[in-house]
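Got your viewer open and a selection box ready? Here is a tour, stop by stop, of what to pick and what you will find there.

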Protein chains: 2
Amino acid sequence: MMHDRGIPKPTLERLPRYLRALRRHEATGEIFISSSRLGSESGIEEFQVRKDLTHVEVTGLRSKGYPVEDLILALRQVLGLTGQRDAIVVGAGRLGTALSQYPGFTNYGFKIVDLFDSDPYKVGSMIGDLRVMSVDSMPKYLREMGVSTAIITVPAEEAQRVTDQLIEGGIKGIWNFAPVALDVPPDVYVRNEDLAIGLASLSYHVARARG
Amino acid sequence: MMHDRGIPKPTLERLPRYLRALRRHEATGEIFISSSRLGSESGIEEFQVRKDLTHVEVTGLRSKGYPVEDLILALRQVLGLTGQRDAIVVGAGRLGTALSQYPGFTNYGFKIVDLFDSDPYKVGSMIGDLRVMSVDSMPKYLREMGVSTAIITVPAEEAQRVTDQLIEGGIKGIWNFAPVALDVPPDVYVRNEDLAIGLASLSYHVARARG
DNA sequence: CTATGTGAAAAAGTTCACAGCG
DNA sequence: CGCTGTGAACTTTTTCACATAG
């Protein structure tokens, strides 16, 4: 319901959780799922579930619930998780290595197609089945390969320089694990995944619990 | 200003960003920093900065700004980043390995003191300078060592079982990288770090940018 | 009689504008 | 004057309650 382009941010964070709960639910073979059930399986209140699903092209049946398969499809549709999308990882450190080999990407239609680093000692070596390439070759590479998504796992000091090269290559989406605010033009989307924020949040709450 | 116990969640997410900007700023040797400067260095509007700092025990000087050192101290204080805090990692897979060796924890006063896994083949082996221990020994271990923070990097199917063992051991804070909602008593704080949400968010925005 | 879909109320968070201190 | 600190306006998000459909 509702052809909304421009889903509220908090809703957007919850949709993937519904999707995952639905995939688990799929295995049960049940055809419908109620908002309360979907809610409890994803840790979200049932009225919030219904409100959120308002932004998705799907209709629930009264006294039955939402058709599981349709809902999965609609969520994939709205999240842009249809088809394959190529991405590169910039930064062949520990986190970059872990991410480039993370099998979970496939479930979300992403494929890590190449890995870049600025360290000459790393360039040319193999990590998993990816050969590490030089960041200097990135802009040309991106244009030629038409890759529009990048994951940044370089140290903070290098992040902006790498970002500039990505922009030069015409990147459209950046998943930034470096702990700095990146300066990008308005047509480039940046998602910051700052692990230190998680740490601080944890610290804050644990400190209150124990003093 | 303001002895607030119970800082708004969005503010809590921004405080670590100020802290980091301040640390970078520290190197310049300047004693004061204005809200607009601090804002631009952390990518946040200046009035938002001032509002946020309302929840922190610090006073800015008119026409000068905030004293850098005091502000750093106050932020560390409110975030509970004073002193050393021990934590364990549960799950010796790729992510668990990367996190257990991540040097950044030290900056935030955390120390990964041990690593647990349920796989008998992994138990006993060394990862970095940590020996992998069996999850079955966790509850006793936690009690004896007084560790109250854990990082979960096990697969989704195992996460709740592991969580139950952590709770049995008296854990107070969990940083959960497994993509499931964990069921915990109200006195246990769970911070979910769901990488798939980042993926989905990225996918949504890139899909809109290119169609 | 069960479970959706949605207006309307409440709460939370952001933005603004400006008084007032140094 | 420059820059903080904050009340008030505004916006967004959550919560609730209930009419309505199957």
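## First stop: strand D

Select K51(B) and DNA strand D: a polar side-chain atom of K51(B) sits 2.9 Å from a base oxygen of the strand. That counts as a polar contact, meaning a pair of N or O atoms within 3.5 Å; within protein, one must be able to donate a hydrogen and the other to accept it, and residues adjacent in sequence count only if both atoms are side-chain atoms.

Before going on, some housekeeping: this is a predicted model, where local features need pLDDT of at least 70 and side-chain atom pairs count only at pLDDT 80 or more, while totals for chains, interfaces and linings use all residues. Residues are numbered from 1 along each chain as its sequence is written, chains are lettered from A and ligands numbered from 1 in the order in which they are written, and side-chain values use heavy atoms, with hydrogens and water left out.

Stay on DNA strand D and pick S63(B), where a polar backbone atom is 2.9 Å from a sugar or linking oxygen of the strand. Then jump to Q48(A): an N or O atom of its side chain is 3.4 Å from a sugar or linking oxygen of DNA strand D.

Now show everything around DNA strand D (a residue is near if one of its heavy atoms lies within 4 Å). You get 22 residues, and R62(A), S35(B), R50(B), G60(B) and R62(B) come nearest. On the DNA side, sugar and phosphate make up 61% of the atoms of strand D within 4 Å of the protein. Colour by secondary structure (helices are DSSP runs of H or I, at least four residues, and strands are runs of E, at least two, numbered from the N terminus). With four residues, α3(A) gives the most to this surface near DNA strand D.

## Over to strand C

Which atom of DNA strand C lies 2.5 Å from a polar side-chain atom of S35(A)? A phosphate oxygen of DNA strand C does. Next, select S63(A), which has a polar backbone atom 3.0 Å from a sugar or linking oxygen of DNA strand C. Bring K51(B) back too: an N or O atom in its side chain is 3.4 Å from a base oxygen of DNA strand C.

Around DNA strand C there are 22 residues, the closest being S35(A), R50(A), G60(A), R62(A) and Y66(A). Here α3(B) gives the most to the surface, with four residues.

## Two helices in chain B

Hide the DNA and show α1 (residues 9-26) and α2 (residues 35-42) of chain B, which pack at about 105° with axes 9 Å apart. That angle makes α1(B) roughly perpendicular to α2(B), a label for 65 to 115 degrees. For the contact (heavy atoms within 4.5 Å), select R17(B), Y18(B), A21(B), L22(B), R24(B) and H25(B) on α1(B), plus R37(B), L38(B), E41(B) and S42(B) on α2(B).

## Last stop: chain A against chain B

Show both chains: 54 residues from chain A and 54 residues from chain B make the contact. About 5,100 Å² is buried between them, with carbon and sulfur atoms giving 67%; buried area is the accessible area (1.4 Å probe) that two parts lose on being put together, summed over both. Finish on L199(A), L202(A) and Y204(A), which supply 13% of the area that chain A buries against chain B, more than any other three residues.

Notes. Axes fitted to C-alpha atoms, helices over the stretch in contact; angles between N-to-C directions. Parallel < 35°, antiparallel > 145°, perpendicular 65-115°, else oblique.
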